[in-house]
Amino acid sequence: MFIAMNRFKVLKDVTQEFEQRWLTRESYLHELDGFIEFHMLRGPAHEDHVLYSSYTLWISKAHFEAWTRSEQFRISHIRASSGSDKPMTLAHPEFEGFEVIQSIGRMPTAAE
């Protein structure tokens, strides 16, 4: 598996707008082979920003890379950048990619 994350340092006065943009945007991830799940995460507040991270889980790095070359990727990123002209983040998102080397799941109990 492969985890793709983008870290966003969002200016404190636009966090609600940032969250609404993500909550109302159209996603095309489900159309791609190898996509497993997506999460948008809100992290700690700092003096000048709030940390957010998008977290996407893929079957493999190759599946993630296919997403980055897809028409769905191009469309979703054009739409994400449209809207308000005022800056929402301190800088461009910081990408982090991880190959999963171990996964441990919760075992169901007899009552489940």
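These legends describe an overview and several close-up views of a predicted model.

**Figure 1. Overview of the protein.** The fold contains 3 helices and 4 strands. From the start of the sequence to its end, these elements come in the order β-α-β-β-α-α-β. The C-alpha trace extends over about 50 × 35 × 25 Å along its principal axes. Of the 112 residues, 25% are buried. Among contacts with a separation of 6 or more, 74% join residues that are 24 or more positions apart.

**Figure 2. Surface and charge of the protein.** The accessible surface is about 7,900 Å². Carbon and sulfur atoms account for 54% of this surface. There are 12 positive and 16 negative side chains, and the centres of these two sets are 2 Å apart. A search of the whole structure gives 4 salt bridges; three of them appear in Figures 5 to 7.

**Figure 3. Met1 and Val100, two residues just outside strands.** Met1 belongs to the segment before β1, a strand that covers residues 2–11. With a relative accessibility of 39%, Met1 is classed as partly exposed, because this value falls between the limits of 20% and 50%. Together with Ile36 and Ile59, Met1 makes a nonpolar surface patch of about 260 Å². Val100 lies in the segment after β4, which spans residues 94–99. Val100 is also partly exposed, at 26% relative accessibility. Beyond its neighbours within four places in sequence, Val100 is in contact with Met1, Phe2 and Ile3. Leu57 is 43 residues away from Val100 along the chain, and the C-alpha atoms of the two are separated by 9.7 Å.

**Figure 4. Thr15 in helix α1.** Helix α1 runs over residues 15–24, and Thr15 is part of it. The relative accessibility of Thr15 is 16%, so this residue counts as buried, the cut-off being under 20%. Leaving out residues up to four places away in sequence, Thr15 touches Val10, Val50 and Tyr52.

**Figure 5. The salt bridge between Arg21 and Glu17.** The closest N and O atoms of this pair are 4.0 Å apart. Both residues are in helix α1, and because they are 4 residues apart there, about one helical turn separates them. Arg21 is partly exposed, with a relative accessibility of 23%. Glu17 is likewise partly exposed, at 28%.

**Figure 6. The salt bridge between Arg42 and Glu19.** Here the N to O distance is 2.7 Å. This pair links distant parts of the chain: Arg42 is in strand β2 (residues 35–45), while Glu19 is in helix α1, 23 residues apart. Arg42 has a relative accessibility of 59%, so this residue counts as exposed, the cut-off being over 50%.

**Figure 7. The salt bridge between Glu71 and Arg74.** The closest N and O atoms of these two side chains lie 2.4 Å apart. Glu71 and Arg74 are both found in helix α3, which covers residues 71–81. A spacing of 3 residues places them about one turn of the helix apart. Glu71 has 43% relative accessibility and counts as partly exposed. Arg74, at 42%, is partly exposed too.

Notes
Residues are numbered from 1 along each chain as its sequence is written. This is a predicted model: local features need pLDDT of at least 70, side-chain atom pairs count only at pLDDT 80 or more; totals for chains, interfaces and linings use all residues. Side-chain values use heavy atoms; hydrogens and water are left out. Buried means under 20% relative accessible area, exposed over 50%, partly exposed in between (1.4 Å probe, protein chains only). Contact means heavy atoms within 4.5 Å. Accessible areas come from the Shrake-Rupley method with a 1.4 Å probe; for residues, only the protein chains shown count as cover. Lys and Arg count as positive and Asp and Glu as negative; His and the chain ends are not counted. The place of a charge is taken as NZ of Lys, CZ of Arg, CG of Asp or CD of Glu. Patches are made of residues with over 30% relative accessible area and no salt bridge: like charges are joined within 9 Å, nonpolar side chains (Val, Leu, Ile, Met, Phe, Trp, Tyr) within 5 Å.
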